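Reader: I would like a close look at a single strand of this model. Please describe its surroundings and its neighbours in the sheet.

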Amino acid sequence: MNRLADKIAIVTGAASGFGRGIAEAYAREGAKVVIADLNGAGARAVADAIGAAAVSIAADVTRRADVEAMVAAAVDNFGGLDILVNNAGATHKNKPALEVTEEEFDRIYAVNVKSLYLTTLAAVPAMEKRGGGVIINTASTAGVRPRPGLTWYNGSKGAAITLTKSLAAELAPKKIRVNAINPVIGETGLLESFMGQPDTPENRARFVATIPLGRMSRPSDIANAAVFLAEDASEFITGVAIEVDGGRCV
Ligand SMILES: NC(=O)c1ccc[n+]([C@@H]2O[C@H](COP(=O)([O-])OP(=O)(O)OC[C@H]3O[C@@H](n4cnc5c(N)ncnc54)[C@H](O)[C@@H]3O)[C@@H](O)[C@H]2O)c1
């Protein structure tokens, strides 16, 4: 269990859901992990549960100073930065496109898109000092196969996928790989917002019916893909957005 031995990682949005699963898997595989989240108390709880291999920081990925502090936390506590997982995300509730407010729109694009700009600026110089690195973006099947009700969120994830590919091409000479993971709907804190209706067995069943492998995604599914994309076994893979979706996008 040392696929990420000696690696230093930051996972954003790691207080819960997919981010927590990724951070825990990274620590199990030998990495040192910065647990970054808007929810500072939640981030601290995750770091405490992991132990000495983790530190936490309260950070809003839409704020430049917070993002810079997040990278400094990796450098100061562990000596550098090898892996950045841009996982923090926000959505509007599933509803008609014309009912989404301007405030909701701005928040979604700040958290899901502007954050990629800010973290790239802060993380790439630190990765260059290590001779390269890995960036992984949690995008979504929503960016590949958009459905009604999540239109503005879908667009933000489409942007994340295109930015993944463009940065992969641009950062390759620096030996920095950039890939994305596209989860299908999963059992996390955002579930009810994505469904736009209460989390009941009947409502879940309607969504599960569209997934060939017959269940929602779990943090462990996303974490398994995130370990692979971070480890040296994927050293020749860059610019991909891998569906972890039980066949949803087929
Ligand atoms: N759950 C799903 O169905 C699903 C499907 C596809 C993609 N995703 C994506 O997965 C990612 C993780 O979401 P999740 O489903 O685990 O939900 P979640 O709510 O459990 O986790 C999201 C975390 O991000 C944090 N966060 C939100 N805004 C932030 C900010 N500005 N700065 C720092 N942290 C912030 C939250 O505090 C929370 O801990 C998101 O990018 C989401 O869009 C989720």
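Author: What follows takes strand 5 as the part to examine, then turns briefly to the ligand.

The model is predicted. Strand 5 covers residues 133–138, and six of its six residues are buried, so the strand is largely enclosed by the rest of the structure. Buried here means that 20 or more other C-beta atoms lie within 10 Å of the residue's own. The side chains split between two directions: G133, I135 and N137 point one way, while V134, I136 and T138 point the other way. Both sets are buried.

Strand 5 has a parallel partner in strand 4 (residues 83–86), with four bridges between them. Within that pairing, I136 of strand 5 stands opposite V85. The connection between these two strands includes helix 4 (residues 102–129), and strand 4, helix 4 and strand 5 together form a right-handed β-α-β unit.

Strand 6 (residues 176–183) also runs parallel to strand 5, joined to it by six bridges. Here T138 has I181 of strand 6 as its bridge partner. Helix 5 (residues 151–171) belongs to a second unit of this kind: strand 5, helix 5 and strand 6 make a right-handed β-α-β unit.

As for the ligand, 30 residues lie around it, and those that come nearest are G13, G17, G89, T188 and G189. By class, this shell holds 13 nonpolar, 15 polar and two charged residues. Helix 1 (17–28) and helix 6 (191–195) each supply at least two of the shell residues. Helix 1 gives the most, with three.

Terms used
Residues are numbered from 1 along each chain as its sequence is written. This is a predicted model: local features need pLDDT of at least 70, side-chain atom pairs count only at pLDDT 80 or more; totals for chains, interfaces and linings use all residues. A residue is near a molecule or strand if its C-beta atom, placed from the backbone, lies within 6 Å of it. Ala, Val, Leu, Ile, Met, Phe, Trp, Tyr, Cys and Pro count as nonpolar, Asp, Glu, Lys and Arg as charged, and the others, Gly among them, as polar. A residue is buried if 20 or more other C-beta atoms lie within 10 Å of its own, exposed if 12 or fewer, and partly exposed in between; C-beta atoms are placed from the backbone. Two strands pair if DSSP finds at least two bridges between them. A crossover is right-handed if, with the strands pointing away from the viewer, the path from the first strand over the helix to the second runs clockwise.
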